[in-house]
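Here are my notes on this one, written as numbered points. Have the model open while you read.

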Amino acid sequence: MDASGSKWDPREQKNGNVLAPNENFRGESENVLSGVSSSYIDPIKLQEASIALWLINSDISNPQLDDILLFAQTSSFDTAYEYIFNQLKEKKSEKIFEEIERPIMHIVKEMEDRGILIDKKYFENLSAEYHKELEKLTAKIYKMAGVEFNINSPKQMGEVLFGKMGMKSSKKKSATGSFSTKVSILEELEEANPIIKEILAYRELQKLLSTYIDVIPKMTGLDGKLHAKFLQNGTTTGRFSSQDPNLQNLPIKTELGKRIRGGFIAEKGYKLCAFDYSQIELRVAAILSGDKKMTQIFREGKDIHSGVASFVFDVSLDKVDSEMRRQAKVINFGIIYGMGVSALQKNLVRPKSDSDTRSEVVTREEAQKFYINYFNQFSGVRDYLEEVKKFALKNSFTETLFGRRRYFPNINSRIPFLKNMAERTATNAPIQGTATADIIKLAIRYVEEDLKKEKLLEKVHLVLQIHDELVYEIEENVLEKADQIIKNAMRGVLERSYLHYKTDIPLEVHSGSGDNLGEVK
DNA sequence: CGCATACGCGCC
DNA sequence: AAACGGCGCGTTTGCG
């Protein structure tokens with residue numbers, strides 16, 4: 001057994017003082033609010049009130065005591081508690097609380113308390129290696145630019161590239177009078193000047209070092225483990241958020257970034273095991289919309305992007321090439337995000353030629369045609385999105401499959417930008433919320449229930465939650481058994497839930513394990 | 001000096 | 001000018 005029972009809890013809040021469920025804490029010792037009675041507040045009840053308030057108004061993420069009292073217009077926590085739970089009932093959100101949020105509160109706490117083991121030596125070595133490379137790149141960039149400047153300053157970078165070196169940007173200056181130097185802009189200039197390649201390499205290393213490699217090892221507790229916070233009420237859609245540090249954005253796309261994951265290791269005798277829902281948002285879009293073709297693709301176990309491409313481009317599945325699949329993928333994601341034609345056009349790129357790695361954008365007409373064709377093929381999706389928008393315009397909120405609400409006060413605004421934004425977020429909320437809030441949170445609940453039945457709670461521990469993915473630390477000798485239990489629980493969420501929801505679209509789950517996070521996928 | 005903002009970028 | 005949803009966090013910059 002470890003000594004974590006008595007370990008110091010380094011967690012703290014940004015806004016206000018969190019009343020972490022801490023045995024030693026007594027509410028009377030400090031209180032920032034004047035005139036507030038100083039009696040003891042049960043940390044669990046406080047957390048319940050925080051979650052309940054957020055369910056009532058998800059724009060108030062992770063509310064603290066002062067937010068709770070302000071909302072209830074009282075100085076008494078007990079009064080506020082009662083008021084908030086009455087409101088919860090009035091807003092028809094008590095089911096979400098009782099069935100989804102309340103049952104996982106203790107699991108989230110255990111996940112934070114357990115933390116995840118860090119290989120500090122690994123991070124040290126990685127740091128040395130990347131800093132060395134960063135130094136080389138710095139010297140190279142200074143030499144090629146003919147001037148020393150702060151490469152970390154976008155402003156100075158813009159002046160050097162587009163001023164001194166006379167490069168031409170496809171974009172005009174921003175409102176603040178500076179050129180954008182983001183990656184997508186720099187990539188257009190990659191062959192115009194060899195310095196761009198070095199700058200891009202510099203950017204990547206600088207990001208990895210300053211956000212992860214040089215920071216994470218310093219954040220470990222006395223137990224040598226990292227205790228990031230996972231806020232189950234941290235987002236407007238119902239998702240978790242993670243902070244101090246954010247463990248939901250660990251690099252995975254590039255090789256240099258992915259290596260960071262090697263520093264997150266399993267305890268002795270354990271493996272780290274990742275379980276992720278495959279394409280869960282698109283499956284949910286198919287479920288919610290009931291679209292015939294999209295349902296068919298999933299029911300037949302086909303790749304969704306290829307399947308969509310075969311309908312949109314009107315070719316058989318085996319005639320779908322990688323380019324068609326790529327374009328279908330763009331629009332599939334666009335659907336989830338409420339994308340319009342112009343956004344689609346911006347994202348629909350294709351290679352200029354086989355020998356040329358650059359890409360060019362499609363014309364607006366092409367994007368428009370593609371857009372219309374997509375919605376003609378998947379008319380169920382089109383009609384569903386239209387229905388959600390109509391509902392939001394009428395009621396000023398939307399609901400997930402399980403009834404989780406999000407409100408849109410700007411949905412009837414006369415300011416086009418605000419109205420359009422509200423419409424996009426309104427169509428996205430039920431999909432994102434059902435998939436990566438309701439379903440994954442129910443999965444957390446049911447996995448634990450099943451592990452308990454099998455007396456495995458001491459051998460299997462949730463350590464990370466990354467939206468459509470759960471990472472458990474599992475004792476090696478029960479790996480196979482736990483793997484099956486967890487997968488089955490995750491797959492069966494919809495039927496098992498209080499909705500007893502039946503669908504012929506399977507919720508696929510993939511898993512992988514290893515001695516560190518780099519090995520689990 | 002601390003703080004807010006702009007910009008940029010990591011993930012799902 | 002404006003760009004598709006949801007996050008957290010780094011550095012720079014300008015301000016009080």
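1. By class, how many nonpolar, polar and charged residues does the surface near DNA strand C have? There are five nonpolar, 21 polar and ten charged residues. For the classes, Ala, Val, Leu, Ile, Met, Phe, Trp, Tyr, Cys and Pro count as nonpolar, Asp, Glu, Lys and Arg as charged, and the others, Gly among them, as polar. "Near" is used for a residue with a heavy atom within 4 Å of the molecule or strand.

2. Some housekeeping before going on. This is a predicted model, with pLDDT of at least 70 needed for local features and 80 or more for side-chain atom pairs to count, while totals for chains, interfaces and linings use all residues. Residues are numbered from 1 along each chain as its sequence is written, chains are lettered from A and ligands numbered from 1 in the order in which they are written, and side-chain values use heavy atoms, with hydrogens and water left out.

3. Back to DNA strand C. It is surrounded by 36 residues, and the closest are Asn150, Ser153, Asp244, Met339 and Lys346. Of the strand C atoms that come within 4 Å of the protein, 71% belong to sugar and phosphate. As for who supplies the surface, α7 (154-164), α9, β4 (241-243), α14 (322-337), α15 (341-347) and α18 each give at least two residues, and α18 has the largest share with six. Helices (H or I, at least four residues) and strands (E, at least two) are DSSP runs, numbered from the N terminus.

4. The polar contacts to strand C (pairs of N or O atoms within 3.5 Å; within protein, one must be able to donate a hydrogen and the other to accept it, and residues adjacent in sequence count only if both atoms are side-chain atoms) touch several parts of the DNA. Glutamine 156 has a side-chain N or O atom 3.3 Å from a phosphate oxygen of DNA strand C. For arginine 239, a polar side-chain atom sits 3.3 Å from a base nitrogen of that strand. Glutamine 432 places a side-chain N or O atom 3.1 Å from a sugar or linking oxygen of DNA strand C.

5. Now DNA strand B. Here 21 residues surround the strand, and Thr176, Thr181, Lys207, Ile252 and Asp468 are the closest. Sugar and phosphate make up 82% of the strand B atoms that come within 4 Å of the protein. The surface near strand B splits into seven nonpolar, eight polar and six charged residues. Helix α9 (residues 195-213) gives the most to this surface, with three residues.

6. Which strand B contacts would I look at? Serine 180 has a polar side-chain atom 3.3 Å from a phosphate oxygen of DNA strand B. A polar backbone atom of lysine 253 is 2.8 Å from a phosphate oxygen of the strand. With asparagine 249, a polar side-chain atom lies 2.8 Å from a base nitrogen.

7. Two backbone details deserve a look. Most residues other than glycine have a negative phi, and most peptide bonds are trans. Aspartate 244 and proline 245 are joined by a cis peptide bond, with omega about -5°; Asp244 is also among the residues closest to strand C. Proline 245 falls in the loop between β4 and α10 (255-258). Histidine 467, not a glycine, has a positive phi of about 70°, and this histidine lies in the loop between β11 (460-465) and β12 (469-475).

8. On to helix packing. Helix α2 (residues 65-72) and helix α3 (residues 77-90) have axes that come within 9 Å and cross at roughly 70° (axes are lines fitted to C-alpha atoms, for helices over the stretch in contact, and angles run from 0 to 180 degrees between N-to-C directions). That makes α2 roughly perpendicular to α3 (under 35 degrees counts as roughly parallel, over 145 as roughly antiparallel, 65 to 115 as roughly perpendicular and the rest as oblique). The contact (heavy atoms within 4.5 Å) involves Leu65, Ile68, Leu69, Phe71 and Ala72 of α2 and Phe77, Ala80, Tyr83, Ile84 and Gln87 of α3. By class, this contact has nine nonpolar, one polar and no charged residues.

9. Last, α11 and α18. Helix α11 (residues 280-289) packs on helix α18 (residues 416-453) at about 120°, with the axes 9 Å apart, so α11 is oblique to α18. Gln432 of α18 is one of the residues in this contact.
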